[in-house]
Every structure is written in C-alpha cells, then in structure tokens.
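Please look at the sequence and the structure below before reading on. The paragraphs after them go through a few places in the chain one by one.

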Amino acid sequence: MGISSGHVRLPIPSVPDTLGIVNFQQTSTSATPAAAPGDGRSSRWQSHREERRRELIKSARRAVHALGSDASMEDIATAAGTSKSVFYRYFGDKAGLQQAVGEVVLSQMQRRIREAAQSADTPREGLLAMVTAYLQMASTSPNVYTFVTRPAADADSAQDPGAGSAALGHFFDSVAEMIAAPMRSHLGDGKEAVIGYWPKAAIGMVRNAGEQWLTTPASPAKPGQEAMARQITDWLCVGIAPELIPSTRT
C-alpha cells in the first residue's frame, strides 16, 4: 500500500489492542550499566538513543498494522512522521527493522504463551491454552505477525540473513520446550523418542494451521478463534483418526 513521501504524519486508526501487539509499553529487566564518573553526557546520549529506538519500533508496529506487512521503509517513516534515513540510521535496513520489531513481538508472544501454559492443570489443557494464546496474539494484528515471521525481502540487506530467522527459531524452540516439559512429567521415563520429536512436529502443525486460518477470508465456513484452537488441539492429541472411522450404518 503506497503513500506519498514527505514528512506529513499519517493518522493511524485506533484499534482494540488488549494483548499489546500494536500499542505496547517496552519493559526491560536489564539495567543500563552505571556510567563512570565524568561520562554523564555519553550516558545521557546512549539513554536517548535507546529511548528513540523504542519509539521507532513502536511507530513501525503501528504503521505496519495499518498499512500492511508489505509497507516500505518510506511508508513506515512517513506514518511515523520522520524520514526513512532515521530508520536506516537506527536499524540499517528493512531487514534490521523486521528483526528489531520481531524481537519485541516474539518476546511478548512467548511470555503470553508461557503464562497460559502455567495456568493449566493437564498437558492437554496446557496445549489448548498455548494454542489459544498463540492465535489470540497473532490475530490481534495479522499484518504485524506476518511482518516479523517472514524472511526479509530486501535484496541489498546488510543484515545477516539468518538473524531474523534465528529469533523466530528461538521463539518456536522455546514454545516446543514449554510443550515438552509437562509431557515429560506425564509420560515418565522411556518416552524420549516421543518427547524429543513430537513437540517440534506439533509446533509445525500449530504454525501452519494457524497461519492458514489467519489468511483465510471470513466466511461461514471459517472456524472462530476458540473453535480453531480446540480443533488444532484435538489434531495434536488424537489426530484425525476419529474422522476416518466409518459411520455405522443403520
């Protein structure tokens, strides 16, 4: 979706955002190292740059949410009320911006999925809670989700092409471990073949089914979010065997 260049701020429509995929407040548990005596100016400048970077990431998320996952750096910068040279200075290129936004978004999704899993009493309830949280977070802004989970398209990217996929891989590895943990407790010893392979396979099913669901146009045939979460959980736990059992003829 193209928009004219310049420095006119593009109004971004307000949207419901209970899960914080668009309007988020950056939090960090890592403290900034204490500045040595005499370098207060340097410390203030570094703090300013970090704050400015967080603001740009937030602005980029809002722009992508409104404009689509194919929004260009110029589109994003115009929506943010600045120039694309500012984004290039902080992120290098579009791939760098995708990586930076992805690190924030995926971290929030991971935290939300972990919280959901911790509230469950059984492995199956945990699976349902995690799948539900994943679909909720992704569907809050499909544009942002697509922006951070697909490979960067910049041919001239200066970023390591594996950087973004590494963050995404770490996210799905972490979720796979969340799935494996209750299974180890539930299945006991001697099930390493299942515990070692099934969680990664499960992640593949959840991601592919979830992304297809996200991109499917609304229609009476499209399951709602809760129904989709339950259907995916059923596939994970019992497969499609019940669907293959011949109906009893009367």
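Begin with two aromatic residues: Tyr90 is buried, and Phe91 is buried as well. The model is a predicted one, and the values that follow are computed from it. The ring centres of Tyr90 and Phe91 are 6.5 Å apart and the ring planes meet at 45°, so this pair is classed as tilted. Planes under 30 degrees apart would count as stacked and planes over 60 as edge-to-face, so an angle between those limits leaves the word tilted. Together with Phe87, the residues Tyr90 and Phe91 make up one aromatic cluster. Tyr90 also has a charged neighbour: Arg49 lies over the face of its ring, 4.7 Å from the ring centre.

The structure has four aromatic pairs. Another of these involves Tyr134 and Tyr145, whose ring centres are 6.0 Å apart and whose planes stand at 80°, so the pair is edge-to-face. This pair links distant parts of the chain, as Tyr134 belongs to helix α5 and Tyr145 to helix α6 (residues 142-149), with the two positions 11 residues apart in numbering. Both Tyr134 and Tyr145 are buried.

Helix α5 can be checked with simple arithmetic. How far should its 18 residues span at 1.5 Å a residue? Helix α5 covers residues 123-140 and the expected span is 26 Å; the C-alpha atoms at its ends are 26 Å apart, which agrees. The expected value takes 1.5 Å times one less than the number of residues. Many residues of α5 are listed as buried, including Gly126, Leu127, Leu128, Ala129, Tyr134, Leu135 and Thr140.

Now step back to the whole protein. It contains 10 helices and zero strands, and read along the sequence its pattern is α-α-α-α-α-α-α-α-α-α. Of its 250 residues, 36% count as buried. The protein exposes about 14500 Å², and carbon and sulfur atoms supply 52% of that area. Among contacts with a separation of 6 or more, 76% are between residues 24 or more positions apart.

Gln225 gives an example of residues that are separated in sequence but meet in space. Gln225 is in helix α9 (residues 225-238). Its C-alpha atom is 7.5 Å from that of Gln136, although the two residues are 89 residues apart in sequence. Leaving out residues up to four places away in sequence, Gln225 touches Leu135, Gln136, Ser139 and Trp213. Is Gln225 buried, exposed or partly exposed? Its relative accessibility is 26%, so Gln225 counts as partly exposed. Trp213, one of the residues that Gln225 touches, has Lys222 over the face of its ring, at 5.0 Å from the ring centre.

Two buried residues with polar side chains remain. Arg61 lies in helix α1 (residues 40-67). With a relative accessibility of 1%, Arg61 counts as buried, because the limit for that word is under 20%. The side chain of Arg61 is joined to the side chain of Gln108 by a polar contact of 3.2 Å. Thr78, in helix α2 (residues 73-80), has a relative accessible area of 5% and is therefore buried too. A polar atom of the Thr78 side chain lies 2.8 Å from the backbone oxygen of Glu74.

Terms used. Residues numbered from 1 in each chain as written. Predicted model: local features only at pLDDT ≥ 70, side-chain atom pairs only at ≥ 80, totals over all residues. Heavy atoms only, no water. Helix = DSSP H or I, 4+ residues; strand = E, 2+ residues; numbered from the N terminus. Buried < 20%, exposed > 50% of the residue type's maximum accessible area, 1.4 Å probe, protein only. Polar contact = N/O pair within 3.5 Å; in protein donor to acceptor, adjacent residues only side chain to side chain. Contact = heavy atoms within 4.5 Å. Areas by Shrake-Rupley, 256 points an atom, 1.4 Å probe, with all protein chains shown as cover. Lys NZ or Arg CZ within 6 Å of the ring centre and 35° of its normal.
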